[in-house]
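Student: Please give me a close look at one helix in this structure. I would also like to see the loops and helices around that part.

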Amino acid sequence: RLTKSADGTAIAWAHAGDGPSLVKAGNWLTHLEYDLKSPIWHHWSHSFADPYGLIRYDERGCGMSDRNVAELSLDASVQDLEAVIAAARPAEPFILLGISQGGATAIPYTVAPPGKVSHLILYGAYAQGRAKMGDPEAERAQRARIALTRTGWGQDNPVYRQLFTSRFIPAGTDEQ
């Protein structure tokens, strides 16, 4: 399904399962269709859809949501989460899951409307980005990855794809 965020950005979302509502805040590199087969995400989707009513969505700029967007910010991410929750209408209070940068979105949402979230689950999450943590070595490594991505993304060169994929699936097969 599609819903519109506050700025008009189309956000793709899906619901599976029949149990208590569990909403997964959007994070980078998801795709509602492909995640069901993905070596990274399929176990999450299938495991949570069995005992819960899993509501998940593609973050703006990713998957089936609008890709060319004017704003990529924490405020926009929280507005996207709000739009999905308004469209999906989970039973309240619901469980909110923040994986990776989805945690930075889930935290302010949980605090803003008290009582809507019964449990906040954070996995591999952070409240501040790497640049705010004050680790110069980590910042240099991040700048190097950004430079590689700007050069290699979308190119017909398997070297960058291998480097990128190896960060997420170190023992991945060629097909993955």
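Tutor: Here is the helix, followed by its partner helix, some loop residues and a second helix pair. The model is predicted, so local features need pLDDT of at least 70 and side-chain atom pairs count only at pLDDT 80 or more, while totals for chains, interfaces and linings use all residues. Residues are numbered from 1 along each chain as its sequence is written, and side-chain values use heavy atoms, leaving out hydrogens and water.

Start with helix H3, residues 102-111. Helices (H or I, at least four residues) and strands (E, at least two) are DSSP runs, numbered from the N terminus. Gly102, Gly103, Ala104, Thr105, Ala106 and Tyr109 of H3 are buried, that is, under 20% relative accessible area with a 1.4 Å probe and protein chains only; over 50% is exposed, and in between is partly exposed. These buried residues pack against strands E4 (53-57), E5 (94-99) and E6 (117-123), and against helix H2 (74-88). Contact here means heavy atoms within 4.5 Å.

Take the helix partner. H2 and H3 pack at about 70°, with their axes 9 Å apart. Axes are lines fitted to C-alpha atoms, for helices over the stretch in contact, and angles between N-to-C directions run from 0 to 180 degrees. H2 is therefore roughly perpendicular to H3. The cut-offs: under 35 degrees is roughly parallel, over 145 roughly antiparallel, 65 to 115 roughly perpendicular, and the rest oblique. The crossing of H2 and H3 is right-handed: the near helix is turned clockwise from the far one by less than a right angle, and anticlockwise would be left-handed. H2 brings Leu74, Ser77, Val78, Leu81, Glu82 and Ile85 to the contact, and H3 brings Ala104, Thr105, Ala106, Pro108 and Tyr109. By class, the contact of H2 with H3 has 8 nonpolar, 2 polar and 1 charged residues. Nonpolar covers Ala, Val, Leu, Ile, Met, Phe, Trp, Tyr, Cys and Pro; charged covers Asp, Glu, Lys and Arg; the others, Gly among them, are polar.

A loop also reaches H3. Asn27 lies between strand E3 (21-24) and helix H1 (42-49). Asn27 counts as buried because its relative accessibility is 2%. Its C-alpha atom is 8.8 Å from that of Thr105, 78 residues apart along the chain. Leaving out residues up to four places away in sequence, Asn27 touches Trp41, Glu59, Ile99, Gln101 and Gly102. Its side chain makes a polar contact of 2.6 Å with the side chain of Lys24. A polar contact is an N or O pair within 3.5 Å; within protein, one must be able to donate a hydrogen and the other to accept it, and residues adjacent in sequence count only through side-chain atoms on both sides.

Thr30 sits in the loop between E3 and H1. Thr30 is buried too, at 5%. Its side chain meets that of Asp58 in a polar contact of 3.0 Å. Its contacts beyond four places in sequence include Trp41, Tyr57, Glu59 and Cys62.

Thr9 lies in the loop between strands E1 (2-4) and E2 (10-16). Thr9 is buried, at 7%. Side-chain polar contacts link Thr9 to Asp7 at 2.7 Å and to Arg60 at 3.4 Å.

Last, a second helix pair. H4 (136-152) and H5 (158-168) pack at about 135°, with axes 10 Å apart. H4 and H5 are therefore oblique. Their crossing is left-handed.
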